[in-house]
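Work through the following exercises with the sequence and the coordinates side by side. Each task is followed by a solution that proceeds step by step.

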Amino acid sequence: MSAALSIRDLTKNFGPAEVIRGVNLDVRQGEIHAVIGPNGAGKSTFFNLISGALRASGGDILLHGERINGLAPQDIQQRGLARSFQVSNVFDNLSVFENLRCACFKNSGAGYVFWRAATGMGGANRRAEEVLDMIGLRALRDAPAGALPYASQRALEIGMTIAGDAGVVLLDEPTAGMSNTETGQAIELIRQVGADRTLMIVEHDMGVVFELADRISVLVYGEIVATGTPEAIRNDPRVKEAYLGEEAA
Amino acid sequence: MTVFRAFAPWVISLAVLLLLPAVTSGSAVSVINVIAIHIVFALSYNMLLGQGGMLSFGHAAFFGLGSYAAIHAMNAIGDAAYAGTGFWAHFPVFLLPLVGFAGGALVALVVGWPFCRRAGTAFAMITLGLGELVATGTQMFPSVFGGETGVFSNRMVGPVWFGLELAQPADVYWFMAFWVFAAVLAMWAFTRTPLGRLSNAVRDNPDRMQFIGYPPRNVRFLVFIASGGMAGLAGGMAAVNYEIVTPESLSLLASGLALLMAAVGGLGIFYGPIVGAILVTVMNSLLSDYTDAAVLYVGLVFLAVVLFAPSGLAGGIEHVRQAWHGKQVAAKAPRWLAGTLSVTALCMALVLAVELVYLLSHGTDKLADTLGMELDASSPLPWAAVILLLATGYGLWRLTAKSLEATS
């Protein structure tokens, strides 16, 4: 099976500091791939490089075999790679529904339309309603996004990411700061999202990672030290030393 | 019911526009015509600031250049009508706001792209520069801008539409009524389109825009053009109203007026700038007949709104409306009454103090005369009244604040 996303010798320096030091990684079509690693390992930078928020210093990023490094974030999004954010990053004064609909406009052909009402954009409206049900925020449809409880905002964050129907989705710590119940609901949602997409998630909660992931990569100080099934990763001595060992210490 | 709700504001506005001439006197019509211009100008400004999150200090450039485009077109109509041939001979003065729109939008299209890279301080500074640049530029091309005196024209030329000769302000009123209604409707409709919604999104969170497929700059640029066009349309209305356009119309002062009207009315609510335009225009044109301190009073209103009511007058209206729908009016009315009394007392104290100071420095002021107050700044009595009013206002204010704390 071909890789949906291939990372080749990816590097990133901030001045003399090397944050990503030659990462090679293949994310298979349709899998849920988790990236774990201790704090400061470069996970967020890694996501920022793939999604175009930062420009790589070297190496290649291939989406379905096509180079996407150097492209602007909106072009990467248009090629079918979307991402969510670690801190909720929504449109505070717009309603939940409007947030979702704005996220649908571009991919449903509404572009920069100013000669028709937004309610007349059938595709975007249908898709937004669909996602609204999927993320379970039907009851909060018309509430301003900035006033939502934290967990609902996180759900909206995921909703906006998948609204554009990207085939490859990156989720940055989707359950950070959630209670146990909320985490359980989030896992359900992520599983649903991952059912017909390729998913890559950064996550701190090991319970979430081992429950969801088909494969796991361990990023330590800008390098992937291991990639494999949850079972293999659990038993990998290098991982224990680099990651779990450090946690225990 | 919901259909009625949606259309009610428009039906009511239309009724007001139709009935207004019947209930107002001749001189008031001139003020109303200016209000119409300012409503369109303030709303176009709010497309940038309130809707799109772009703080502009050079918005009058589009108003003024649209105005110049319209007045030159008006002269072209005059010349062509005299000759009896040519395109402009068949162009009615009634449609000149469209020329203003084209002028404003074209300027925004030409200069706007570099402006829209960032919102915030960078945008504010660049627009400030543009405003100054255009204002200075007008002095360099007297053939186009008419130097200090501006460009004159005559609106009673060309084809007549709807039987409007446009000789009297009362005639011009119907022209204004049509355009203010059309422009407000157009700008409201704009907020309902995908681009209008995206302009709100880029205001709230430009960083996220890229990740839903939009470079924020593209959205800002399109909004900038639309807003420049609407400002130009207001400029076209002004050209027909005054039959003269001077460089003052695109000065920094005029840009400030747009910000003032929009902020006083309320940036976050669509009709806010309309309320602000009405209030500020009425204050500007009426107060100056009565007191030399008119500018000061307008400034104080602006200050008070920014400090105490950041969501503007429309914010207050919305507050009352929500209480009405929530059936809380009875519960809140005493507090509102006390608040209103408090503000009234404070305002009276302030007005009295200002007038007294003016009396001291100028010897006389018309407002005091008009109100029938025989003020004597040298006697302690009026000063005591100032202090009494201040104390009353402040006391009432504390009282309402306390009751607010108690209930919440």
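Domain bounds, as used here, come from an automatic or database domain assignment. The model is predicted, and local features need pLDDT of at least 70, side-chain atom pairs count only at pLDDT 80 or more, while totals for chains, interfaces and linings use all residues. Residues are numbered from 1 along each chain as its sequence is written, with chains lettered from A and ligands numbered from 1 in the order in which they are written.

**Exercise 1. Find the domains of chain B and state what distance separates their centres.**

Start from the assignment, which gives chain B a domain 1 at 13-296 and a domain 2 at 327-407. Then take the centres over C-alpha atoms: those of domain 1 and domain 2 of chain B are 36 Å apart.

**Exercise 2. Establish the strand order of the open sheet in chain A, and identify its edge strands.**

Strands here are DSSP runs of E with at least two residues, helices are runs of H or I with at least four, and both are numbered from the N terminus; two strands pair if DSSP finds at least two bridges between them. Following the pairings gives 6 strands in the order β6-β7-β8-β3-β9-β10 of chain A, with mixed pairing. The edges are β6 and β10 (223-228) of chain A, each of which pairs on one side only.

Next, examine individual pairs. β7(A) and β8(A) run parallel and are joined by 5 bridges, with A:V169 opposite A:L199 of β8(A). β3(A) and β8(A) also run parallel, through 4 bridges, and here A:A34 stands opposite A:I201 of β8(A). By contrast, β9 (residues 215-220) of chain A pairs with β10(A) in the antiparallel sense over 5 bridges, A:S217 facing A:T227 in β10(A).

**Exercise 3. Decide how many residues of β8(A) are buried, and which point each way.**

A residue counts as buried if 20 or more other C-beta atoms, placed from the backbone, lie within 10 Å of its own, as exposed if 12 or fewer do, and as partly exposed in between. By this criterion 5 of the 5 residues of β8(A) are buried. In a regular strand the side chains alternate between the two faces of the sheet. Accordingly, A:T198, A:M200 and A:V202 point one way from β8(A), whereas A:L199 and A:I201 point the other way.

**Exercise 4. Describe helix α3 of chain B and the residue just after it.**

The helix covers residues 60-83, 24 residues in total, and spans 34 Å from its first C-alpha to its last. This is close to the expected 34 Å, the expected span being 1.5 Å times one less than the number of residues. Just after α3(B), B:G84 adopts a positive phi of about 85 degrees.
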